[in-house]
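Please open the structure in the viewer and keep the selection tool at hand. The tour below proceeds stop by stop, stating at each what to select and what is found there.

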Amino acid sequence: MVARVPESQAKKAKRDEALAEALTVSLKEKKAKKKAIRKEIKARGLKYAEEYAAAKQAVIDSTKKARSEGKIFVPEGPKVVFAVRIRGINGVAPKERKILQLLRLRQIHNGVFIKLNYATLRMLQRVEHYIAYGYPSLKLVKSLIYKRGFGKVGKPGAWSRIPLSDNQIVEANLGKFDIVCMEDLVHEIYTVGPHFKEAANFLWPMKLSSPKGGFSKFSKLKHFTEGGDAGNREYYIAGLVGRMV
């Protein structure tokens, strides 16, 4: 005689079987979606690499062509600046302090990416005794974002500082601007894309370390052109920031 299975137990077994089947399907879909996303991210990275190489080669070709014609080729000026604060709050005038707050350089050794235009250039010149800034290379932008990049996640008044350890963090906050991975973020910052403001604001001001070897006794008080560290270092900013990453 076959034992009769209680109706409640039969329903539970049927329900568990349906849930297990649904979970299997869901896992397969997620796996396929992740695979497609990885493929898309890889394709974007290769496209950006080709774009950077083409831009570099275009400058070389234009320079050679101008030289052969007896002319001078002037490349396009920098579009982005990386500024890092090197002095504290002692003796900072109210206007300069306000500018430092607007630039999000509230603490010593904080660093931010800034779009270069007439207004921001005047602000940087006004506070150049307290900061060091210059034009970052692609290598420096990548190094800063990958090594020191933290995202500003949450809502006004309740922001959280989250390390950029996963592309999903970038996609969740900047996906509506078609920035879905770290390479998209690097490209937007380096090329000063149409959504540079959103990308730069998403990045928490980078907390850098004291430079290896430290600052000399008076280097913070002197301009870079006078042998110090303050002010516009142009393309030599990588030398200082590289020791602070």
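**A salt-bridge network**

Select glutamate 40 and arginine 44: in this predicted model, the two form a salt bridge whose closest N and O atoms are 3.0 Å apart. Both residues belong to helix 1, four residues apart, or about one turn of the helix. Glutamate 40 is partly exposed, at 39% relative accessibility, whereas arginine 44 is buried, with a relative accessible area of 13%.

Keep arginine 44 selected and add aspartate 178; their side chains meet in a salt bridge with an N to O distance of 2.9 Å. This pair links distant parts of the chain, since arginine 44 sits in helix 1 and aspartate 178 in the loop between helix 5 and helix 6, 134 residues apart. Aspartate 178 is partly exposed, with 49% relative accessibility.

Next, add aspartate 184, whose side chain meets that of arginine 44 in a salt bridge at 2.6 Å, N to O. Aspartate 184 lies in helix 6 and arginine 44 in helix 1, so this pair ties together parts 140 residues apart in sequence. Both of these residues are buried. Through shared partners, salt bridges join Glu40, Arg44, Asp178 and Asp184 into one network.

**A positive surface patch**

Now select Lys30, Lys31, Lys34, Lys35, Arg38 and Lys39, which gather in a patch of positive charge on the surface. Lysine 39 is placed in helix 1 (residues 7-68) and is exposed, with a relative accessible area of 66%.

**The largest nonpolar core**

Finally, select Phe113, Ile145, Leu185 and Ile189, which touch the most other members among the 35 residues of the largest nonpolar core. Helix 4 provides the largest share of this core, five residues.

How values were computed: Residues are numbered from 1 along each chain as its sequence is written. This is a predicted model: local features need pLDDT of at least 70, side-chain atom pairs count only at pLDDT 80 or more; totals for chains, interfaces and linings use all residues. Side-chain values use heavy atoms; hydrogens and water are left out. Patches are made of residues with over 30% relative accessible area and no salt bridge: like charges are joined within 9 Å, nonpolar side chains (Val, Leu, Ile, Met, Phe, Trp, Tyr) within 5 Å. Accessible areas come from the Shrake-Rupley method with a 1.4 Å probe; for residues, only the protein chains shown count as cover. A salt bridge is a side-chain nitrogen of Lys or Arg within 4 Å of a carboxyl oxygen of Asp or Glu. Lys and Arg count as positive and Asp and Glu as negative; His and the chain ends are not counted. The place of a charge is taken as NZ of Lys, CZ of Arg, CG of Asp or CD of Glu. Helices (H or I, at least four residues) and strands (E, at least two) are DSSP runs, numbered from the N terminus. Buried means under 20% relative accessible area, exposed over 50%, partly exposed in between (1.4 Å probe, protein chains only). A nonpolar core is a set of buried Ala, Val, Leu, Ile, Met, Phe, Trp, Tyr and Cys residues joined through side-chain atoms within 4.5 Å.
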